Amino acid sequence: MKTAFRIIVIVLLVIFYSCKKDDVTIVDSSISSEGVISGIIVNASNRIDSIEVHADSIGLQLGYNVVFAGKKIGKSTVSSDGNFSVALTTPILSKIGAIPNGVIVSDTAAMTGYVHYFNIYAHKGGIYTGKIYKSNEPSYTNFKAGWSVSSFKYSDRPFTVKGTEVQYNTQRDGYIEIIKINYNLTFKKGWNELVLKTDSYSETATTSTTVETYSNIVISDLQWRYYPNNNALTVRAKTQGVRCLARKGFLFK
């Protein structure tokens, strides 16, 4: 009886963990270590015909709009069904800057360059029309718990980043944004896909708190999506007015 009971318990455990695994499916990265990004833009449907990938961008605030200017490191046509493949050149590399308290970098001499999630531009007939994100949401809402998006970073060597960065951003009216970013990253030499996930978000009339995680875990619900100009940025219009959220963390400054 004891043997039979143990067998039943083992079978139930196997079924349980198999189901858990199916709930979250880990898939291969969209970028090779040599820098070829490929995929299918699920909502392209002839709305765009090419994309450009930029790196090392600088954000310019123009009213409520943010325009990001950087070095173009790749361009690709997009088929009518959304297929694309673009080979990236090596971005400008720089050493990791100041490391926040609570974060440990295994090799601070590592040289890196990045393509942030808002650095892939969509065009139609040579005209810029919006952005391409690899995300799990049809609209760009990065303060929503569960929202995830991919960025891409080049490294000249293997290294790891572990720990938690805490940011306090005070607005002109005294409103405070608190952002906690957990890092659990392992870089290989070459290109790496990094997934930013919003773990939780809460807000009062005077303060917001966001908890996020950067990891190498690429989940199957992340899809390449087209975001037209009028849906390419997140704004929060509540009691404190309009606020733009552009999460980066020290690795993307």
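Which residue forms a salt bridge with aspartate 107? The legends below start from that pair in this predicted model.

**View 1. Arginine 157 meets aspartate 107.** Here the partner of aspartate 107 turns out to be arginine 157, and the closest N and O atoms of this salt bridge are 3.4 Å apart. Arginine 157 sits in the loop between β10 (148–155) and β11 (159–170), while aspartate 107 sits in the loop between β6 (103–105) and β7 (111–115), so the pair ties together parts that are 50 residues apart in sequence. Arginine 157 is partly exposed, at a relative accessible area of 26%, and aspartate 107 is partly exposed too, at 23%. Look for Asp156 as well: a network of salt bridges links Asp107, Asp156 and Arg157.

**View 2. Lysine 72 and glutamate 52 join two strands.** If you are new to salt bridges, here is the basic idea: side chains of opposite charge can pair when their charged atoms come close. In this view, the side chains of lysine 72 and glutamate 52 meet in a salt bridge, at 3.7 Å from N to O. Lysine 72 belongs to strand β3 (residues 65–77) and glutamate 52 to strand β2 (residues 50–62), so this contact ties together parts that are 20 residues apart in sequence. Are the two partners buried or exposed? Lysine 72 is partly exposed, with a relative accessible area of 43%, whereas glutamate 52 counts as buried at 14%.

**View 3. Lysine 134 and glutamate 193 pair up in a buried spot.** Lysine 134 forms a salt bridge with glutamate 193, and their closest N and O atoms are 2.9 Å apart. This pair links distant parts of the chain, with lysine 134 in strand β9 (residues 127–135) and glutamate 193 in strand β13 (residues 190–203), 59 residues apart. Lysine 134 is buried, at 4% relative accessibility, and glutamate 193 is buried with a relative accessible area of 4%. Across the structure there are 4 salt bridges.

**View 4. Strand β4 shows two faces.** Now follow the side chains along strand β4 (residues 83–87), which alternate from one face to the other. Which of them are buried? Phe84 and Val86 are, and they point to one face; Asn83, Ser85 and Ala87 point to the other face and are not buried.

**View 5. Strand β1 lies alongside β4.** Strand β1 (residues 36–40) pairs with β4 in the antiparallel sense, over 5 bridges. To find your place in this pairing, start at isoleucine 37, which stands opposite valine 86 in β4. You have met that valine already, as one of the buried side chains of β4.

Methods: Residues are numbered from 1 along each chain as its sequence is written. This is a predicted model: local features need pLDDT of at least 70, side-chain atom pairs count only at pLDDT 80 or more; totals for chains, interfaces and linings use all residues. Side-chain values use heavy atoms; hydrogens and water are left out. Buried means under 20% relative accessible area, exposed over 50%, partly exposed in between (1.4 Å probe, protein chains only). Helices (H or I, at least four residues) and strands (E, at least two) are DSSP runs, numbered from the N terminus. Two strands pair if DSSP finds at least two bridges between them.
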